[in-house]
Amino acid sequence: MNLSPLRPIAADEIHAFKRDGVVCLRGMFDREWVERAQAALERILAHPTEEGKLINPPGSPGRFERDLFMWMYDADFRALATQSPIGEIGATLLQSRQVTFLLDMLLVKEPHTPALTPWHHDQPYNWVDGRQVCGMWLSLDHVTAESGAAEWIKGSHKWGRWFATRPFEGGTYSVDDDLEPLPDIDSNRSSYDIVRFDTEPGDVIVNHLLTVHAALGNVSSRRRRAIVYRLAGDDGRFAERGPGRPKPKRDPGLRPGDPFPANHDQFLRIWPRA
Ligand SMILES: O=C(O)CCC(=O)C(=O)O
């Protein structure tokens with residue numbers, strides 16, 4: 001299993017991440033990691049954690065499955081967090097000396113699950129402030145538009161706008177967070193620079209946490225399995241979001257604005273590697 005990315009990350013990939021707020025890094029994880037991750041994901045799907053749930057909008061067919069914090073339950077998810085190339089990839093793209101792992105999440109769209117993932121960006125949902133913050137979408141299947149690829153609006157991380165959060169399942173949170181609503185992107189797609197990547201197992205899409213994105217439904221007969229990470233770099237600070245928003249699993253004992261400590265039971269300092 002590769003500790004470092006299977007190939008060096010190129011200067012133009014780092015530049016694309018900065019400029020566009022998203023980049024697809026092909027072939028970062030070797031086959032052993034991919035198979036280990038696939039097997040771990042199947043274990044969690046068979047025995048979901050208390051966070052595991054179906055997030056199909058009401059009445060929609062298929063299975064859109066989500067689980068969270070798998071690394072706290074499963075040794076292979078923990079190994080992915082701490083021993084795989086994700087820390088080094090994060091440090092390279094964020095140009096950061098250190099990387100803190102905030103969470104892992106699985107997002108699976110089983111065959112014939114047309115549920116869309118709505119347009120959103122991640123930072124207003126996530127307990128992190130700062131500019132050196134990213135998500136990673138680790139592809140565990142051959143993913144195309146038909147099987148539910150994600151779509152990203154290039155440059156949206158630089159709009160200087162924070163949009164109101166909405167549950168993936170549809171509807172709104174009962175207490176508003178005073179953020180502006182998202183524009184109607186789908187009715188006006190040609191006004192946006194939207195990019196989509198077909199991926200293979202072991203490819204990683206890295207996004208700034210302010211990059212606006214969505215994902216298509218899986219209308220194919222193939223599975224679409226992804227593990228998603230959230231990472232913070234040097235300037236990442238703990239944040240609290242509105243009532244009902246996603247939270248760390250337990251009270252982390254931090255105040256808004258606190259740096260993430262090097263040793264914390266919920267936030268892992270994954271780079272430099274211990
Ligand atoms: O894969 C999906 O359905 C959505 C991915 C997403 O929203 C994310 O990676 O933040």
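Two strands are said to pair here if DSSP finds at least two bridges between them, and by that criterion β7 and β12 pair, since seven bridges join these strands, which run antiparallel. The model on the screen is a predicted one, and the tour below starts with the whole chain before turning to single elements.

**The whole chain**

With the full protein chain selected, the view contains four helices and 14 strands. Measuring along the principal axes, the C-alpha atoms fill a box of roughly 45 × 40 × 40 Å. A compact globule of 274 residues would have a radius of gyration near 19 Å, and the 17 Å of the protein chain agrees with this. Of the 274 residues, 40% count as buried. If contacts between residues at least 6 apart in sequence are considered, 82% of them join residues at least 24 apart.

**Strand β7 and its partners**

Select next residues 133-139, which form β7. Seven of the seven residues of this strand are buried, so β7 is largely enclosed by the rest of the structure. Colouring the side chains by direction separates Val133, Gly135, Trp137 and Ser139, which point one way, from Cys134, Met136 and Leu138, which point the other way. Add β12 (224-232) to the selection, and Cys134 can be found opposite Leu231 of that strand. Then add β10, residues 204-208, which runs antiparallel to β7 and is joined to it by five bridges; within β10, Ile205 is the bridge partner of Trp137.

**The ligand shell**

Which residues lie around the ligand? Select Leu107, Thr117, Asp122, Gly135, Trp137, Ala150, His213, Ala215, Ala226 and Val228 to display them. By character, the residues of this shell divide into six nonpolar, three polar and one charged. Three strands, β7, β11 (213-215) and β12, each supply at least two residues of the shell. Gly135 and Trp137 belong to the shell, and in β7 these two residues point the same way as Val133 and Ser139.

**Strand β8 between β9 and β11**

Ala150, another residue around the ligand, leads to β8, which spans residues 150-153. Both faces of β8 are covered, with Ala150 and Trp152 buried on one side and Glu151 and Ile153 buried on the other. Three bridges join β8 to β11 in an antiparallel arrangement, while β8 and β9 also pair in the antiparallel sense, over three bridges. Centre the view on Glu151 to see both pairings, for this residue stands opposite Ala214 in β11 and opposite Arg196 in β9.

**The loop after β8**

From β8, follow the chain to Trp162, which lies in the loop between β8 and β9 (194-196). Is Trp162 buried, exposed or partly exposed? Trp162 has 14 C-beta neighbours inside 10 Å and therefore counts as partly exposed. Leaving aside residues up to four places away in sequence, Trp162 touches Pro124 and Leu179. For a sense of scale, draw a distance from the C-alpha atom of Trp162 to that of Arg66, 96 residues apart along the chain, and the separation is 24 Å.

**Helix α3**

Finish with residues 75-83, helix α3, whose buried residues are Phe77, Leu80 and Ala81. Looking down the axis of α3, these buried residues fall within an arc of 95 degrees, so they line one face of the helix. An α-helix has 3.6 residues a turn, so residues three or four places apart point the same way. To see what the buried residues of α3 pack against, show α2 (31-46), β4 (99-109) and β14 (268-271).

Note on methods. Residues are numbered from 1 along each chain as its sequence is written. This is a predicted model: local features need pLDDT of at least 70, side-chain atom pairs count only at pLDDT 80 or more; totals for chains, interfaces and linings use all residues. A residue is near a molecule or strand if its C-beta atom, placed from the backbone, lies within 6 Å of it. Ala, Val, Leu, Ile, Met, Phe, Trp, Tyr, Cys and Pro count as nonpolar, Asp, Glu, Lys and Arg as charged, and the others, Gly among them, as polar. A residue is buried if 20 or more other C-beta atoms lie within 10 Å of its own, exposed if 12 or fewer, and partly exposed in between; C-beta atoms are placed from the backbone. The arc is that of the directions from the helix axis to the C-beta atoms. Two residues are in contact if their C-beta atoms, placed from the backbone, lie within 7 Å. The radius of gyration is taken over C-alpha atoms; the globule rule is 2.2 Å times the number of residues to the power 0.38.
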